[in-house]
Structures are given as structure tokens and as C-alpha cells.
Amino acid sequence: MDNLKLELKTKIIETLNLEDLSVEEIADNDPLFGDGLGLDSIDALELIVLMDKDYGIKLTDPKEGKSIFQSIQTMATYIEQNRTK
Amino acid sequence: MNNNFYIKSSVSIKKHKIVLDETEVFSSATDGFTAFSKEAYKNFEINYPKFFKMDNLSKLAFLGADLLLKKQGLNATDNDIALILANKSSSLDTDATYQETIADKENYFPSPAVFVYTLPNICIGEISIKHKLYAENSFFIFEDFNPKFLKEYSEFLIQSKKTTQVLWGWVEYFKKDYQATMYLISKEGKQVHSLENITKIYTQ
């Protein structure tokens, strides 16, 4: 799980071009949107693509996304339970 | 009539060099525009993380506009500045990048973050958001640099009282070749807004 969380932080920084952030600065429970990392709606779409491309998870229900993308911790938990690759 | 309009301030970005009001303010020997723009961003302490999410055309236009507008020392209410930009290649460079994400049916992952930049006028939006500009704006695409049309159009906007100043720019980016020539036109200034002076800034 710790490796997956580290991997997610690295991928999020790289995919979303968060140049001013480092892996160490993202806590597992930091909110990804709003006051946390401050991601926007386009970032949310990129996270959906990332889930599909890297973990074989297709998210179709927007309501699901709200709870999955709360933090690195919630993302990692969901990926562990649902990944197909 | 031409003498009623002036170039208040100008900026040129090309060949890894930035010239602001005829003075070189930054240069770099780094490889590629992305690295160059990042160095310039840090050098001028722009402090706007969304910059790194932009495509190269938007980064180029944003850098030029930011340097020009900051030099004016504008306050939050100075937003009556129209934005008139133009180029030759539209957003083709980013269009090609996006196309790569959808070319392979077996590996089909269209990128939303790339897709949003597949229109050239997005760079006008990026500048307007940062500097809170609400006046007229347009992005034109021409076969080649077309100062005559852009000069007349910009002057018309001021003459018809649509705005008091125009941020005018030729912002071209395609396959690693780039050039931004931007300036502010107003009723005040020292350099006459003539085709000769525009061409001088473009070729400097």
C-alpha cells in the first residue's frame, strides 16, 4: 500500500504538472481538491484517465469519483480493491 | 490619424531571449522552449502554478503579456485592455500532441488536459484570468505576419471607444520554433504606432 501511495503521488505530480510540489509535501490524507492540492475539474478528468490507463479501472459514475478522489489514501484503497492491471 | 496612437511598451521573445522595451532582460542557453520558459518563469518570479499546466503557445503568450502588463504597474481596476493576438499555426502543435493520444485504438486515452488547449484563443483566456482583463479580445490566424490588418483593427477598437488600450501580439509556436512580439497600444506614449515601428519590433 505504501508503495502504491508513493507511486500515485509521483504520477499525480507528473501527469498534472504540479511543478511546485514534491512527493514529500503531499500527505496521504490531504484533500486533492479545494484547500488541499487545489486540483480543478480538468485535473479530475485526468485522474479518471490515469485510473483507466494505469490500473484498468473504468469510472463511469461521477458520484463515485467524489469519494474515490478525496485523497491519496482513498485513491490507493480503491485501486487496491478494483485494479485489473 | 496614425500619429494619434503610440506603442507604450513592447516585448519580444524568440531564440531563448527576451527583450523588453529594446533591452534584453533574459536569455538562456537551455535546450527547448519548455525548459527556457520554466527558467524565465523562475527568473521573473511569476508565482502562478497554473503556468505549468499550459501548452507552449499559452506559456509563450502568457510570459510576454505578464512582463508587459507588470511593467505598467496596473492595479486591479485597470482592466480596460483589449487583447488582440494572431499567429500562423493556430494551435496545431498542441493539436498534434492531442492526436497522438487518440491515434492508437489499442491504447486510446484522450487527454483532457491537452484537449483544452486545442484552440489558439485559450491563451487569451489564460492572460485575461491572471490579469482580470474584461475588454474585447480576438485571436486571428493569417498565412503570414500581418501588421497592417492588426494595426488597423487595434486602432479601431480604441477609436470607437471599445477600449482605451490594446495588448497586441503575434504569438507563434510550431514544432519548437517560436516567436512572440507583443506591445501595448494607447493614446499616450513616445513611439508612434506605425507599420515601420511594428516591423522593427517584430524583427529585433
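Which residues line the second largest pocket? I'll come to that list shortly. Please keep in mind that this is a predicted model.

Let me begin with the largest pocket. Its volume is about 770 Å³. The lining is made up of 37 residues. Nearest the centre of that pocket lie A:N17 from chain A, and B:K53, B:M54, B:A113 and B:V114 from chain B.

Next, the helices. In chain A, α1 (2–15) and α2 (41–55) each supply at least two residues of the lining of the largest pocket. The same holds in chain B for α1 (33–43), α2 (56–71), α3 (92–102), α4 (112–115) and α5 (122–131). The element that gives the most is α3(B), with seven residues. Sorted by class, the lining of the largest pocket has 14 charged, 13 nonpolar and ten polar residues.

Now to the opening question. The second largest pocket has a volume of about 280 Å³. From chain A, its lining takes A:K11, A:E14, A:T15, A:E46, A:V49, A:L50, A:K53 and A:D54. From chain B come B:T101, B:N107, B:F109 and B:S111. The elements giving two or more residues to this lining are α1 and α2 of chain A. Of the elements, α2(A) gives the most, with five residues. By class, the lining of the second largest pocket has five charged, four polar and three nonpolar residues.

To go back over the main points: α3(B) gives the most to the lining of the largest pocket, while α2(A) gives the most to that of the second largest. Both chains contribute to the largest pocket, and both appear in the lining of the second largest.

How values were computed: Residues are numbered from 1 along each chain as its sequence is written. Chains are lettered from A and ligands numbered from 1 in the order in which they are written. This is a predicted model: local features need pLDDT of at least 70, side-chain atom pairs count only at pLDDT 80 or more; totals for chains, interfaces and linings use all residues. Side-chain values use heavy atoms; hydrogens and water are left out. On a 1 Å grid over the protein atoms alone, a cavity is a set of points where a 1.4 Å probe fits but cannot get out, and a pocket is an open set with protein on both sides within 12 Å along at least five of seven lines; lining residues have an atom within 4 Å of a point. Grid points are joined across faces, edges and corners, and a volume is the space filled by probe spheres set on the points. Helices (H or I, at least four residues) and strands (E, at least two) are DSSP runs, numbered from the N terminus. Ala, Val, Leu, Ile, Met, Phe, Trp, Tyr, Cys and Pro count as nonpolar, Asp, Glu, Lys and Arg as charged, and the others, Gly among them, as polar.
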